[in-house]
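Good morning, and thank you for coming. Please turn to the sequence and the structure on the screen, and keep both in view while I speak.

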Amino acid sequence: MWVVLALVVVLVAAGITAWSVLGDGDGSPTGSRGGDATGGASCAGEYCVGPYPYVNACGLLDPSSTSARIGAVGSEGLRVQETFADPLPPADTASPPAWTFGVRSTCDVRPVDHKKAVFRSLTLELQQYGEDGVVEPGPAEPGRPLPGVEGVVVQDGDGAAEVFGWVRNTRFRVNLVWSNKKPAIPDATLAALAGAVVQGVPDAPDAAADLGDLSQDGRQVVIDACTAFTGADFQDATGYAVDPTNVDRTYGATPAGPITSTCRRTTAAPNRGLPTPGGTTHMDGALSPNVTVTPHPDDAAARAALAEDRRDIQSAVDVPGVGDGAVFGVADSSSFRLEFTKGFHRVRIDCGLTNGNADWTPTDMRARLEPIAAAIAARMP
């Protein structure tokens, strides 16, 4: 029994600051308006987009505050999927890189049991630019004004609404879906969400949240696949430059079962202005392993799950020396899989082909995935 999972939604709050909105009694923000909320720009940290601090979308709209912002989220918890930047350690710590191109951050929150929740999904998308003048004043999209927040517009859909706006060097989109079978979300709620973005951008967190610690029978449980699959390990294992601005992470919990988390990282495109660290090259195409970490009740259960998965892997072969047992093969016509266990954790690495490496054989892909798997296994408890 995963009694430690009483934390359910709280796990997404560890290490994140909840952003509140100053508002009137009806919940609408007071004096919110899109535009330049800071005046000057200054950034000295490792998360910079030109002269501006990078903003993490899930740090701006803390997933653990979803119930307070919108309403009931059901009893089964939330599933969070986010895209964020995760800088690699700079070669020169005195001169961290400043990205001058557009950088994207998203945060998508969905209730596991959407029937008992008042909504189906809440998504915040931020597009941040490192050069002045790229973001023109005012929203670029058509729509109706949103009472309570100047400089933003709303596009109404069937059981959904999208809010568009801008602040400082950032364009943002808030998408809220409740379906046409549920009561419409009031404008005051949309205004509170938009106001939180407008007011929060100047001081929002830049780093992805630390999801905290969890243990089962005195053993550490991996609840964040991105802590096991690091950008530095990916880069060292393959020799390819890694894109630090494009990391996907999915996590969540339910009261009845184990946590499953995923992490996808990708190699850097040669035309995006990203640095090429010493000893690396830019790959022709892209290598984007997606790592899924699933804890099980015990070691035997993890091994049994791996044996079950092996039946779906074509041309499966054992991979000695990785974890407590590993298998590699073809997952489908255009992707490969390397799966292993380490203790009571099962780790699955899925990676597909692109135009740049469409001619790779299973041997070619295994040569890339095996050192990645070894690095992940070394970080597993």
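Which residues in α5 meet which residues in α7? Before I answer, please note that what you see is a predicted model.

On the α5 side the residues are Asp-233, Phe-234, Ala-237 and Thr-238, and in α7 they meet Arg-368, Pro-371, Ile-372, Ala-375 and Arg-379. The two helices should be located first. Helix α5 covers residues 231–238, while α7 covers 362–379.

How are two packed helices described? One gives the angle between their axes and the distance between the axes. For α5 and α7 the angle is about 140 degrees, and the axes are 9 Å apart. The crossing of α5 past α7 is right-handed.

Let us look further at α5. Its buried residues are Gly-231, Asp-233, Phe-234, Gln-235 and Thr-238. These buried residues pack against α4 as well as α7. For first-year students, one general point is helpful here: an α-helix has 3.6 residues a turn, so residues three or four places apart point the same way. Just after α5 comes Gly-239, whose phi is positive, at about 80 degrees.

I shall now step back to the whole protein. It has 7 helices and 20 strands. There are 381 residues, of which 50% are buried. The exposed surface amounts to about 16,100 Å², and carbon and sulfur atoms supply 50% of that surface. As for contacts, consider those between residues at least 6 apart in sequence: 68% of them join residues at least 24 apart.

My next topic is the strands. How many residues of strand β11 are buried? The number is 6 of the 8 residues in β11, residues 170–177, so this strand is largely enclosed by the rest of the structure. A general remark belongs here: in a regular strand the side chains alternate between the two faces of the sheet.

Strand β11 pairs with β10, residues 160–167, in the antiparallel sense, over 8 bridges. One example is Ala-161, whose bridge partner in β11 is Leu-176. The hairpin of β10 and β11 has 2 residues between the strands, and in this hairpin Arg-168 takes a positive phi near 55 degrees.

Strand β11 is also joined to β7 by 8 bridges, and these two strands run antiparallel. Here Leu-126 has Phe-172 as its bridge partner in β11.

Let me take one residue of β7 as an example. Ser-121 lies in this strand, which covers residues 121–128. Is Ser-121 buried or exposed? Its relative accessible area is 6%, and since buried means under 20%, Ser-121 counts as buried. Setting aside residues up to four places away in sequence, Ser-121 touches Asp-108, Val-109, Arg-110, Asn-175, Leu-176 and Val-177.

Finally, I turn to the cysteines. A disulfide is a covalent bond between the sulfur atoms of two cysteines. The count in this model comes to 3 disulfides.

One disulfide joins Cys-43 to Cys-48, with an S to S distance of 2.0 Å. The link of Cys-43 and Cys-48 is left-handed, with -80 degrees about the S-S bond. Cys-43 is partly exposed, at a relative accessible area of 24%, whereas Cys-48 is buried, at 4%.

Another disulfide is formed by Cys-58 and Cys-107, with sulfur atoms 2.0 Å apart. The torsion about their S-S bond is about 90 degrees, so this disulfide is right-handed. Cys-58 is in helix α1, residues 57–60, and Cys-107 is in strand β6, residues 103–111, so the pair ties together parts that are 49 residues apart in sequence. Both Cys-58 and Cys-107 are buried.

There is also the disulfide of Cys-226 and Cys-263, with sulfur atoms 2.1 Å apart. Its handedness is right-handed, with 95 degrees about the S-S bond. This pair links distant parts of the chain, 37 residues apart: Cys-226 lies in helix α4, residues 225–228, and Cys-263 in strand β15, residues 261–264. Both Cys-226 and Cys-263 are buried.

If the bonded cysteines are numbered in sequence order, what is the pairing? The pairing is 1-2, 3-4, 5-6. I add one further cysteine, Cys-351, which is buried with a relative accessible area of 1%.

Thank you for your attention.

Technical notes. Residues are numbered from 1 along each chain as its sequence is written. This is a predicted model: local features need pLDDT of at least 70, side-chain atom pairs count only at pLDDT 80 or more; totals for chains, interfaces and linings use all residues. Side-chain values use heavy atoms; hydrogens and water are left out. Helices (H or I, at least four residues) and strands (E, at least two) are DSSP runs, numbered from the N terminus. Buried means under 20% relative accessible area, exposed over 50%, partly exposed in between (1.4 Å probe, protein chains only). Contact means heavy atoms within 4.5 Å. Accessible areas come from the Shrake-Rupley method with a 1.4 Å probe; for residues, only the protein chains shown count as cover. A disulfide is a pair of cysteine sulfur atoms within 2.5 Å. Two strands pair if DSSP finds at least two bridges between them. Axes are lines fitted to C-alpha atoms, for helices over the stretch in contact, and angles run from 0 to 180 degrees between N-to-C directions. A crossing is left-handed if the near helix is turned anticlockwise from the far one by less than a right angle, and right-handed if clockwise.
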